[in-house]
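Grab a pencil and work through these short exercises with the model open beside you. Try each task before you read its solution.

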Amino acid sequence: MDGAVERLMANGFRITITAGTGLVGSTVPLKPDAATTIGTRSTCSLVTPSERVAPVHCKIAREGGDWVLRCETDSRTQRLCGVNVNDGRCTEFRLRHGDRIEIGCYRLRFDEPDGPPDPFEALAPPITLAAVPPPQQGNPRITALAGERVLIGSSDTALWRLPDRTVSRHHCRVEFDGQNWIIRDLQSRNGTYVDGQRVASTDLSHGSRIRVGRYRIEVAIEG
């Protein structure tokens with residue numbers, strides 16, 4: 001490894017897992033001399049178990065002076081995968097500090113070594129949402145750092161997918177508003193309920209119980 005590569009690795013370019021079903025808060029260092037792979041395959045640099053993620057979904061590699069994300073062909077369907085970066089759909093993207101990458105039920109943040117930290121993460125502990133009964137497909141729980149938004153719905157475009165006809169495509173959103181974790185109903189068909197009351201928007205606390213369609217969602221905010 002030459003000196004330039006060593007300096008890049010020491011500088012700390014990385015991906016931080018900011019929301020998902022596991023490893024939230026952990027980081028994956030980016031290596032300038034090797035691509036970082038993201039997918040469900042056990043040999044990937046970052047393994048993201050989800051039925052919405054391909055075995056090798058995308059790669060992040062150093063090209064010239066940039067870090068570039070490129071999607072791969074899904075070996076199951078032979079179709080090009082896609083990701084959301086900063087809420088826009090794409091198959092290729094040149095990353096900058098703070099960019100958010102959404103893959104299946106995971107959100108990742110691209111961090112540069114000299115970039116400012118996320119201002120919200122120091123203000124509140126992570127939130128964990130657990131569905132009862134657990135969905136027959138998808139994930140029974142999700143965790144998010146403050147600064148992230150969790151879109152809940154039955155659509156594949158929802159970060160936390162709860163597949164059921166009683167759940168709207170984009171049903172509600174959980175987010176940190178700078179002071180509290182809150183939930184906002186997104187004009188859902190059957191409404192969003194917190195502790196038995198139908199709400200348009202309200203604060204959440206540790207132990208709150210949310211009702212989304214047929215699912216009861218238990219809230220844990222530790223810290």
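**Exercise 1.** Sort the lining of the second largest pocket by residue class.

*Solution.* Keep in mind that this is a predicted model. Start with the classes: the lining has two nonpolar, two polar and five charged residues. Next, put names to them: the lining residues are N84, D87, E102, R107, R149, L151, T157, L159 and R173. Asp, Glu, Lys and Arg count as charged, so D87, E102, R107, R149 and R173 make up the charged group. Finally, note the volume of this second largest pocket, about 160 Å³.

**Exercise 2.** Now do the same kind of sorting for the largest pocket: how many residues of its lining are nonpolar, polar and charged?

*Solution.* First, the volume: the largest pocket has about 410 Å³. Then look at its walls, where 20 residues form the lining. Those nearest the centre are R52, H57, G82, R89 and D156. By class, the lining splits into five nonpolar, six polar and nine charged residues.

**Exercise 3.** Trace the open sheet and find its edge strands.

*Solution.* Begin with the order of the five strands, β4-β3-β5-β6-β9, with mixed pairing. At the edges sit β4 (46-47) and β9 (92-95), each pairing on one side only. Now zoom in on one pair: β3 (residues 36-39) and β5 (residues 58-63) run antiparallel and share three bridges. For instance, T36 has I60 in β5 as its bridge partner.

**Exercise 4.** What is the mean pLDDT of the chain, and where does the pLDDT fall below 50?

*Solution.* The chain's mean is 92, with 95% of its residues at 70 or more. The stretch below 50 is residues 5-10, which has nine contacts in the model beyond near neighbours in sequence.

Notes
Residues are numbered from 1 along each chain as its sequence is written. This is a predicted model: local features need pLDDT of at least 70, side-chain atom pairs count only at pLDDT 80 or more; totals for chains, interfaces and linings use all residues. Side-chain values use heavy atoms; hydrogens and water are left out. pLDDT is the predictor's confidence in each residue, from 0 to 100. Contact means heavy atoms within 4.5 Å. Two strands pair if DSSP finds at least two bridges between them. Helices (H or I, at least four residues) and strands (E, at least two) are DSSP runs, numbered from the N terminus. On a 1 Å grid over the protein atoms alone, a cavity is a set of points where a 1.4 Å probe fits but cannot get out, and a pocket is an open set with protein on both sides within 12 Å along at least five of seven lines; lining residues have an atom within 4 Å of a point. Grid points are joined across faces, edges and corners, and a volume is the space filled by probe spheres set on the points.
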